[in-house]
Amino acid sequence: MSIGHLTRRSLLAAGTALTMALGAPAFAQTPPGVLVVGQIAEPKALDPAAVTAVNDFRILMNVYDGLVRYKDGTLEVEPALATDWEISEDGTEYTFTLREGVTFHDGSSFDAEAVKFNFDRMLDESHPYYDTGPFPLSFFFSAIEEVEVVDPTTVKFVLNEPYAPFLSNLAYPTGLIVSPAAVEEHGSEFGRNPSGTGPFKFAEWRPNEAVVVEANPDYWDGAPQLEAVVFRPITDASTRTAEMLAGGIDLMVEVPPVALSQFEGESYQLHEQAGPHLWFLILNAKEGPFADKLVRQAANYAIDKEAIVNEVLEGTAEVAAGPTPPAFAWAYNEDLEPYPYDPEKARELIAEAGAEGAELTFYVTEGGSGMLDPVAMGTAIQADLEAVGFDVTIETYEWNTFLGEVNPGLEGKADMAEMAWMTNDPDTLPFLALRSEAFPDQGGFNSGYYSNPKVDELLEQARRATDQEERARLYKEMQEIVHEDAPWVFVANWKQNAVTNDRVENFDLQPSFFLLLDDVAKN
Amino acid sequence: MGGYILRRLLSAVPVLLGITVIVFLIMALIPGDPATAILGSYATPENVARINRELGLDAPLWRQYLIWLGNMLQGDFGQSFALNRPVLDEVLERFGATLILAGTAFVLCSLLGVIAGTISAANQYGWADKAITFTVLLGISIPSFFLGMMMILLFAVRLRWFPVSGMWPIYGARDAAALISHLAMPAIALAVVATGVIARLSRSALLEVLRQDFIRTARAKGVHERSVIWRHALRAAMVSILPVLGIQAGFVLSGAVYIEIVFQWPGIGRMLVDAILRRDILLVQGGVIVVAACYVFFNIIVDVAQSLLDPRIRT
């Protein structure tokens, strides 16, 4: 007996010692004033011109400013580093008045020359720092003919044609302004030694561990509440969830739908925000059953989008009504209703078109940016289409391979394919993927070969209009026609989500899907 | 002896060259290119061509290969597209992290496996043998990533004894205690299956030895049973246990990739998976070359060591 006692007691003692030795110091709570963010991947670089991933943008938006930015809670632009601007009558000249007295984190001053440097670096192949690229999204600014320094606080952009999305592209991370002095000093290493004008300045990058930024007390828009932010890359969603539950991070982005129930209750707050995202099916309008508008509409009726959004995605998305996400509030056509789930109606339309029992080849991806849960969604869609009499064969591809199959066009290969886009302007997606001139052989993304001259005309006009109300009117008309023509099955608009613990205050997600932390506080 | 070592080293050259050709061709032949991975939805043919040109991927394959090989021979493994840092820095850092994880797991599974197998054999069909056999079967049957997740839930989320993930604390000192607290769970999760295998094989190796005459002699002359098992029998059994340990070392190293994903361990397995998905060609090639070179040289070292013990091998 006594030996048993001893053993048990010593076990207990050893256990306690282990807990104290290992447990206590390493994972005390995260310190006050320091926000630890669980990111989905290691960033590529902190050079806004060189990166493309939302994951990297989440850091960048807190280190840099653009000439303009999105107004809180909207996708409409407001002044940032530029205090004011004028647009010439014909829409080809944008003249910005710059904010005075702003300095970069490295101490150099922000002026018109710095703005010119930024855009020349991306666009001019003979620029001495063009080799700090490549700059994958520089085509956002391909309309720029020339950037002119009028005086130190005035800069003029001359465009080669009217291009209405120009302002909102400037608000996109690719338009963030970097310090020319820092680029000159670090060259191609600038992405690891960033310097901007934003609310936080870069402090440290420990590869595969953390990027640390510290408050910029001299920020022109008021110093941030936090002392520092730590961005931790945690690629596996279950591990990220566990870190949040264990207190290792204060803010977690992209909570997997199945993990949402873990964060009910007092100690956590769940944030949701619908963004400029559309998940849809490209239908091959050139050949096969979907060449007939009635069959395309039938597909829209046959698929139970409510079930996909609520069951497969656990409420992390909303049913989409048309080609433009509602997050573009100013350009969104409120009168548009999603196609209701109506298998009867679908069968009638299919019968009318004489497409009963048609065989369909359906391209599904295994994953990919913005694709949500593509395999499960694809399976649900297949079941719905088979219920109205189609014979659907799924072909599944890994994301890069999938893009290589879909982007060159579906002709001769498939009848439908999954796709998702996240954009920053209502122009982008329809212009690149619905115009007759955007067929794959012309360098566009109209992989389903939809063509309607009226839509082409509306989109061309909207691009030339500089008045926002006029643009909105044109986009709304376009949405109505596209909804009726049904070149796609409009499935879902993703709601971005995030969880914060109860020590975090003043946090809100933005429709842009950027993570803005300058007003956030943590005790 | 020197001649033998030199011959072995020279024979590694064609092997390594072959590896460079194979890994280069695989990366060139799989669908999808880095430009598509970088551009995502914006991968128009025009944009893809522009990015490929700037990355130097528009040259003919044989030229790309020669440039890559030439640079590598001068110690320049190139720059990762996806991480924008030198390939060699990333690979060495990540490989180091994997060696720490796999090394710890290997020490754990060797010690525990041999001890458990020995106890099991010494008490054949006794309660200790049954308990160990049962535990071992359970351990072999649980996939390591699932075990890892369960350990996270219990020891990190519920009890908060250990951190969930990572290799170092975000704040505070990077000392041995900090490393051990981060290393404990992944190393154990990684070691469990190998421990089971080693325990099973140690048990049968030992049982084999225990039936032999010299054991009976030892017992007959009155050697203490503990000494019979741990000194006489185990030493003899080690001859057949050691090769199993060698095989398990490779198993632990390759199994590390699952554990690295679950515990966000910054090792080379996870790096290679990410790099393949992002079509980060130079990083994949560099990573594979470094790992392969390590295996090749490890083999050479083993061969040389064996030849030192047994001169017949040298010829």
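Student: Is the crossing of H5(B) and H10(B) left-handed or right-handed?
Tutor: Right-handed, as the near helix is turned clockwise from the far one by less than a right angle (anticlockwise would be left-handed). Helices here are DSSP runs of H or I, at least four residues, and strands are E runs of at least two, numbered from the N terminus. Heads up, this is a predicted model: local features need pLDDT of at least 70, side-chain atom pairs need 80 or more, and totals for chains, interfaces and linings use all residues. Residues count from 1 along each chain as its sequence is written, with chains lettered from A and ligands numbered from 1 in written order.

Student: What's the angle between H5(B) and H10(B)?
Tutor: About 145°, with the axes 8 Å apart. Axes are lines fitted to C-alpha atoms over the stretch in contact, and angles run from 0 to 180 degrees between N-to-C directions.

Student: Which residues meet there?
Tutor: Among them, B:Leu101 and B:Phe106 in H5(B), and B:Trp230 and B:Leu245 in H10(B). Contact means C-beta atoms, placed from the backbone, within 7 Å. That patch has 17 nonpolar, 4 polar and no charged residues. Nonpolar is Ala, Val, Leu, Ile, Met, Phe, Trp, Tyr, Cys and Pro; charged is Asp, Glu, Lys and Arg; the others, Gly included, are polar.

Student: Switching topic: how many residues does each chain put into the contact?
Tutor: Chain B gives 45 and chain A gives 42.

Student: Which helix has the largest share of chain B's side?
Tutor: H3(B), with 6 residues. Chain B's side splits into 28 nonpolar, 12 polar and 5 charged.

Key:
Two residues are in contact if their C-beta atoms, placed from the backbone, lie within 7 Å.
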